[in-house]
Structures are given as structure tokens and as C-alpha cells.
Amino acid sequence: MVRRRLAAFACAVAGVALALPALAAADAQDPSTNPCRDPSLALVCPDLTMTPPSDLHVVRAGGSVRLEATNHIINIGQGPLELRGTRRPGSHTFVKAYQAIRSRTRGHVFFPEAGWIYWKAIPGQGHYWKYWRAARFELWTLNPDGSHGRLVRIGPKLSYCFRDLDRVHSWARTPRGAVYPGCSQDVTRRHMQLGVSPGWADVYPFSYHENWISVTGLRGCFAFVHRADPDEELIEQREDNNAGQRIVRLPPRGGSVAPRGCPGAR
């Protein structure tokens, strides 16, 4: 029995998040070990995906060239993504997160080792409690058949509130109103709860802090990828549908990165 399954049963009984070792990457990527597929747990799991980068803007910052983009993390799963954490006395920056997943037979099952919630500074706005490594911006070279070659750049955007901002689907399982609000700006807050309901999206416009990737000095065709849960710290129905991409040609010409003649471009 893999460690996540052991953690699930232990936490279901104890009702707390336990400090257990992180799941090995091989286990996380193996569908047969996914707790969402365990009938004995009867979990109603989330499933995160990201839309392709949109509202692309080329900007210059000193001697560098940046490609800005609006991004959407959407929960297309059966149940909500919910993360909880309790700040220990004397700790002001990082809070260990655990994931709460609803079960059809046993209330909530709690999974430890679900990453971190931390006190994130946003210039001009102050600080927020956000989830670290919620997503990542990536730039990949393209092979002649349009598949990914090498990962050449990673953007600075990693942190998200995990909130219900836009209702993008109208499924029966989609709540009509927001369940998870914007992230807290209260530094004294002890108990954290972040999440995204099924059919809802957490959205950040292209102009938001760190919503860019450097394209300085690059030439040719690339896949610009927005990837949710890049380190696979969250339990989801599927792990193979987390990313959305847009093909771009660099360097920008006239502020445009239109993929003229690039493999895989649409």
C-alpha cells in the first residue's frame, strides 16, 4: 500500500493532518496508486487544469524582454480542491498545508504533505496568504513534429490564492456562488482554508505581479505552457491534463509573437 493511501486511512481515523514523508514521484505519476481511484475511500476529487496563455503582451524591463499572459486555473473535477493549514505560534511566513477531500462514505479524508501556504508580498497591494507552487509558466523548444523538446525558461509566477473568482461551467456539481473567497491579508490568522470549487476558476490578468516569462535572446518556435500543480503535491482525478499551451515565435516582431509556420501551431 503506497504512502498516500496509508496517510489517508490514518488521517481519516485521527481527523488531523499527520507529518508523513512526501509521496515518491513515481507513485504520484502512477494512476494505479491514485487515491481518487480507490473504491474503499470513495473520494470526490478535484481535477485542476489551465487554459492556454491568453492576452499576450510583450514588454521591456531594462535590458530584458518579457512575455506577459493572463492565466486561469480551473477545477474540472467532481469535488472541490480544498487546502487547510494551521499556523504554529511564532511562525509568520510558511504554513504546512494538508488537503481535505470529501468522501461519499466517511466525511472528509485528510492528506498531509500537500505543499505550503505562505505570506506573499505583492508590490502595491501588501501581503496575502497564498499557496506556493500552485502553477508554473514554462517555455519549451519544439521538435519538428510539434512535441516538446527542452525546457528553456521558467517564469517567476508560482503563488496563487486558490479562490472561486469566475464561474466558468454550469455543471450540477458547480456551486452557484463562490465558496472559497480571496486570500486573507491578516498576518495574525491561525487557520487557513484555500480552494477552488468544481466549475470555478482562479484567474490573474496579464498585468498582475510576476505574470510573465523572459523571452530575452530566444529565437525560433516555442511552446508557452501554463501548468497547474507542477510538483504534483496535490491529489487530483488526473495528472495528465494540468497544462494549457500556446505556440509562439520569437523574437517578437512589432510586439507580436504570432506562430508563423511553427510546428503544432493553430
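Visitor: How many bridges join β4 to strand β16?
Guide: This is a predicted model. Strand β16 covers residues 212–214 and runs antiparallel to β4. Within this pairing, Glu 68 stands opposite Trp 212 in β16. The number of bridges joining β4 to β16 is three.

Visitor: Which residue in β15 stands opposite Ile 73?
Guide: β4 and strand β15 (residues 200–204) pair in the antiparallel sense, over four bridges. Ile 73 is also the bridge partner of Met 50. In β15, the residue opposite Ile 73 is Asp 202.

Visitor: Over how many bridges do β3 and β4 pair?
Guide: β3 spans residues 54–61, and its pairing with β4 is antiparallel. Ala 61 stands opposite Ser 64 in β4. The bridge count for β3 and β4 is six.

Visitor: Which residue takes a positive phi in the hairpin of β3 and β4?
Guide: Two residues lie between the strands of this hairpin. The phi in question is near 65°. The residue is Gly 62.

Visitor: How many residues of strand β4 are buried?
Guide: Buried means under 20% relative accessible area. Strand β4 runs over residues 64–75 and is mostly covered. The buried count is 10 of its 12 residues.

Visitor: Which strands stand at the edges of the sheet β6-β9-β10?
Guide: Three strands make this open sheet, with antiparallel pairing. Two of them have a single partner strand each, so one side of each is left without a neighbour in the sheet. These edge strands are β6 (94–96) and β10 (126–131).

Visitor: By what angle are neighbouring strands of the sheet β6-β9-β10 turned against each other on average?
Guide: The order of the strands is β6-β9-β10. The angle is an average over neighbouring strands, with direction ignored. The value is 25°.

Visitor: Which residue in β10 stands opposite Ala 121?
Guide: Strand β9 (residues 116–122) pairs with β10 in the antiparallel sense. The two are linked over six bridges. Opposite Ala 121 stands His 127.

Visitor: How far apart in sequence are the parts that the pair of Phe 94 and Trp 116 ties together?
Guide: The two rings are edge-to-face, at 6.0 Å centre to centre and 85° between the planes. Phe 94 lies in strand β6 and Trp 116 in strand β9, so the pair ties together parts of the chain. Their separation in sequence is 22 residues.

Visitor: Which charged residue lies over the face of Trp 116?
Guide: Trp 116 is partly exposed, with a relative accessible area of 31%. Trp 116 also belongs to an aromatic cluster with Phe 94, Tyr 118 and Trp 132. At 5.1 Å from the ring centre of Trp 116 lies Lys 96.

Visitor: Which strands stand at the edges of the sheet β12-β11-β17-β18?
Guide: Four strands form this open sheet, and the pairing is antiparallel. Neighbouring strands are turned by 30° against each other on average, direction ignored. Each edge strand has a single partner, so one side is left without a neighbour in the sheet. The edge strands are β12 (148–154) and β18 (243–250).

Visitor: Over which residues does pLDDT stay under 50?
Guide: The protein chain averages a pLDDT of 89, and 88% of the residues score at least 70. Where pLDDT is low, predicted coordinates should not be read in detail. The stretch under 50 is residues 1–29.

Key
Residues numbered from 1 in each chain as written. Predicted model: local features only at pLDDT ≥ 70, side-chain atom pairs only at ≥ 80, totals over all residues. Heavy atoms only, no water. Pairing = 2+ DSSP bridges. Axes fitted to C-alpha atoms, helices over the stretch in contact; angles between N-to-C directions. pLDDT = per-residue confidence, 0-100. Contact = heavy atoms within 4.5 Å. Phe/Tyr/Trp six-rings, centres within 6.5 Å; stacked < 30°, edge-to-face > 60°. Buried < 20%, exposed > 50% of the residue type's maximum accessible area, 1.4 Å probe, protein only. Lys NZ or Arg CZ within 6 Å of the ring centre and 35° of its normal.
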